[in-house]
Amino acid sequence: MISTRHRQQGWSLFEVAIALAVVSLTVCIALPSAASALERVRVARIQTELGETFLISARHAIAGGVATVVCPSGHDPNCGQGDDWSGGWMAFADLDGDRRFGAGDTLLRQVPPLAGAVRLYGSPERSRIVFQPHGGSGGSNASFTVCASRGARLGTLVLSNAGQFRFAERAPPGRNPCATF
């Protein structure tokens, strides 16, 4: 005998609530991981951009036999003052030796401001990195701190006097520029 009773199609309120709870839990677990991965990508991009700039500068200094300068630039074509490199940076062959970009100097690279809510701060005592004709950068090591918008330190990049560039797991002792961001 055929039953005339049919089961109603659809979801119950309880099933919908369980599905929403599972989706919410999944989002809560995945969102911080995705944000962390995005921050790691931003740090890697900054490291790549800065590393390429240093490599180009050191190569040009050696090949041309002239000092090259890397400095924060902001929106104008001159070197900025201070330790904030977030507005971009430039590299140039310092043909006249005055450590400032001028009409007679050769622009090697201009990097635009950083995208996203990230900041880059250099060593306050080294607002300019100068590569000598032997390829090294005189003075003390230069460190660059990458900060997130919430004031967290995402990483530290270090340039040695010999011109080697690396990511440092530990932050250098002293001030934390991210605290002011």
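What is the handedness of the link of C147 and C178, and what angle is found about the S-S bond? In this predicted model, the link of C147 and C178 is left-handed, with -80 degrees about the S-S bond. C147 belongs to strand β6 (residues 142-148) and C178 to the segment after β8 (165-168), so the pair ties together parts that are 31 residues apart in sequence. Residues are numbered from 1 along each chain as its sequence is written. Because the model is predicted, local features need pLDDT of at least 70 and side-chain atom pairs count only at pLDDT 80 or more, whereas totals for chains, interfaces and linings use all residues; side-chain values use heavy atoms, with hydrogens and water left out.

The structure holds 2 disulfides, a disulfide being a pair of cysteine sulfur atoms within 2.5 Å. The sulfur atoms of C147 and C178 are 1.9 Å apart. C147 counts as buried because its relative accessibility is 0%, and C178 is likewise buried at 0% relative accessibility (buried, under 20% relative accessible area; exposed, over 50%; partly exposed, in between; 1.4 Å probe, protein chains only). The other disulfide joins C71 and C79, with sulfur atoms 1.9 Å apart. Its link is left-handed, with -75 degrees about the S-S bond, and both C71 and C79 are buried. With the bonded cysteines of the chain numbered in sequence order, the pairing is 1-2, 3-4.

An open sheet of 4 strands follows the order β3-β2-β1-β5, and its pairing is antiparallel. Strands β3 (106-111) and β5 (129-131) stand at the edges with a single partner strand each, so one side of each lacks a neighbour in the sheet. From one strand to the next, the twist averages 15 degrees (axes are lines fitted to C-alpha atoms, for helices over the stretch in contact, and angles run from 0 to 180 degrees between N-to-C directions). Strands are DSSP runs of E of at least two residues, and helices runs of H or I of at least four, numbered from the N terminus; two strands pair if DSSP finds at least two bridges between them. Strands β1 (residues 68-72) and β2 (residues 89-93) run antiparallel and are joined by 5 bridges. The bridge partner of V70 in β2 is A91.

At the surface, W11, V16 and L20 make a nonpolar patch of about 360 Å². W11 is found in the segment before α1 (13-64), and W11 counts as exposed because its relative accessibility is 66%. Patches are made of residues with over 30% relative accessible area and no salt bridge, like charges being joined within 9 Å and nonpolar side chains (Val, Leu, Ile, Met, Phe, Trp, Tyr) within 5 Å. A salt bridge is a side-chain nitrogen of Lys or Arg within 4 Å of a carboxyl oxygen of Asp or Glu.

Notes: Accessible areas come from the Shrake-Rupley method with a 1.4 Å probe; for residues, only the protein chains shown count as cover.
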